[in-house]
Amino acid sequence: MTSDIIALVRNEPDIPTVVEGMIAFGESLRMRPAGPGAMHLYDPDGRLLISIEAPELVRVPGEVERLLGPQMAGKVRPPTWWVEVRAAPGMPEARRIARKFAEDIVHWQGGAVWPPPPEDAL
């Protein structure tokens, strides 16, 4: 089963730039396009770690609350960019990379990550 993480960001994200930053700061990743606006990240052995879907602009008020709950809706305002990240099943490293990508993109673009880190979920 995949592990999904969603980054909600204020501005249209530049996925390759964020991934290149992760690589520059020491992550051993290979990036390949996976369709219009989508990316796959692989480890050095060629195993798929995460899939990053093409960002979607959410313009409808209430949509974030309907899909992720009122706690997340309180952290972002529409319009917001929805970036879905899927970690490969059975690979703890994939989940770590997926969360790092989501947190990095929120760091640079502003917004919030769902699910929040465990210490924020209380």
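Leaving aside neighbours within four places in sequence, which residues is D43 in contact with? In this predicted model, the residues touched by D43 are S28, R30, L49 and M91.

## D43 and its surroundings

D43 belongs to the loop that links β3 and β4. Is D43 buried or exposed? The relative accessibility of D43 is 7%, so D43 counts as buried, the cut-off for that class being under 20%.

One of the contacts of D43, R30, falls within β2, which spans 30-33. A further distance relates D43 to E93: the two are 50 residues apart in sequence, while their C-alpha atoms are 9.3 Å apart in space.

## Hairpins β2-β3 and β3-β4

Strands β2 and β3 run antiparallel and are joined by 4 bridges. Within this pairing, P33 stands opposite M39 of β3. The two strands make a hairpin with 5 residues between them, and G35 in that turn has a positive phi of about 120°. P36 also sits in the loop between β2 and β3. With a relative accessible area of 80%, P36 is exposed, because exposed means over 50%. The C-alpha atom of P36 is 9.9 Å from that of P55, a residue 19 places away along the chain.

Strand β3 also pairs with β4, again in the antiparallel sense, over 4 bridges. H40 faces S51 of β4 across this pairing. β3 and β4 form a hairpin too, with 5 residues between them; here the turn holds G46, whose phi is positive at about 85°. Most residues other than glycine have a negative phi.

## Strand β1 and its two partners

How many of the 7 residues of β1 are buried? Strand β1, residues 3-9, has 5 of its 7 residues buried and is mostly covered. β1 is joined to β6 by 7 bridges, and the two strands run antiparallel. β1 also pairs with β7 (residues 111-114), in the antiparallel sense and over 4 bridges.

I6 has a partner in each of these pairings. In β6, the residue opposite I6 is E84. In β7, the bridge partner of I6 is W114.

## Helix α1

Which residues of helix α1 are buried? In α1, residues 15-24, they are I15, V18, V19 and M22. These residues lie on the same side of α1 because they cover an arc of only 95° around the axis.

The cover over the buried residues of α1 includes strands β2 (30-33), β3 (39-42), β4 (48-52) and β6 (80-87), together with α4 (92-109). Just after α1, G26 takes a positive phi of about 110°.

## The largest pocket

The largest pocket has a volume of about 170 Å³. Its lining consists of P13, D14, T17, V18, G21, M22, F25, K100, D104, W108 and Q109. Two elements, α1 and α4, give two or more residues to this lining.

By residue class, the lining of the largest pocket divides into 5 nonpolar, 3 polar and 3 charged residues. Both V18 and M22 are part of the pocket lining, and both are listed with the buried residues of α1.

## R95 in helix α4

R95 is placed in helix α4. The relative accessibility of R95 is 52%, so R95 counts as exposed, the cut-off being over 50%.

Apart from neighbours within four places in sequence, R95 is in contact with S3, I5 and A87. S3 and I5 fall within the span of β1, residues 3-9, and A87 falls within that of β6, 80-87. R95 and P78 are 17 residues apart in sequence, and their C-alpha atoms are 27 Å apart.

## Cis peptide bonds

Most peptide bonds are trans. The bond that joins P78 and P79 is cis, with omega at about 0°. P79 is located in the loop between α3 (70-73) and β6.

A cis peptide bond also runs from W114 to P115, with omega near -10°. P115 is found in the loop between β7 and α5 (118-121). W114, on the other side of this bond, is the β7 bridge partner of I6.

Conventions:
Residues numbered from 1 in each chain as written. Predicted model: local features only at pLDDT ≥ 70, side-chain atom pairs only at ≥ 80, totals over all residues. Heavy atoms only, no water. Buried < 20%, exposed > 50% of the residue type's maximum accessible area, 1.4 Å probe, protein only. Arc of directions from axis to C-beta. Contact = heavy atoms within 4.5 Å. 1 Å grid on protein atoms, 1.4 Å probe; cavity = no way out; pocket = protein on both sides within 12 Å on 5 of 7 lines; lining within 4 Å. Points joined across faces, edges and corners; volume = space filled by probe spheres on them. Nonpolar A, V, L, I, M, F, W, Y, C, P; charged D, E, K, R; others polar. Pairing = 2+ DSSP bridges.
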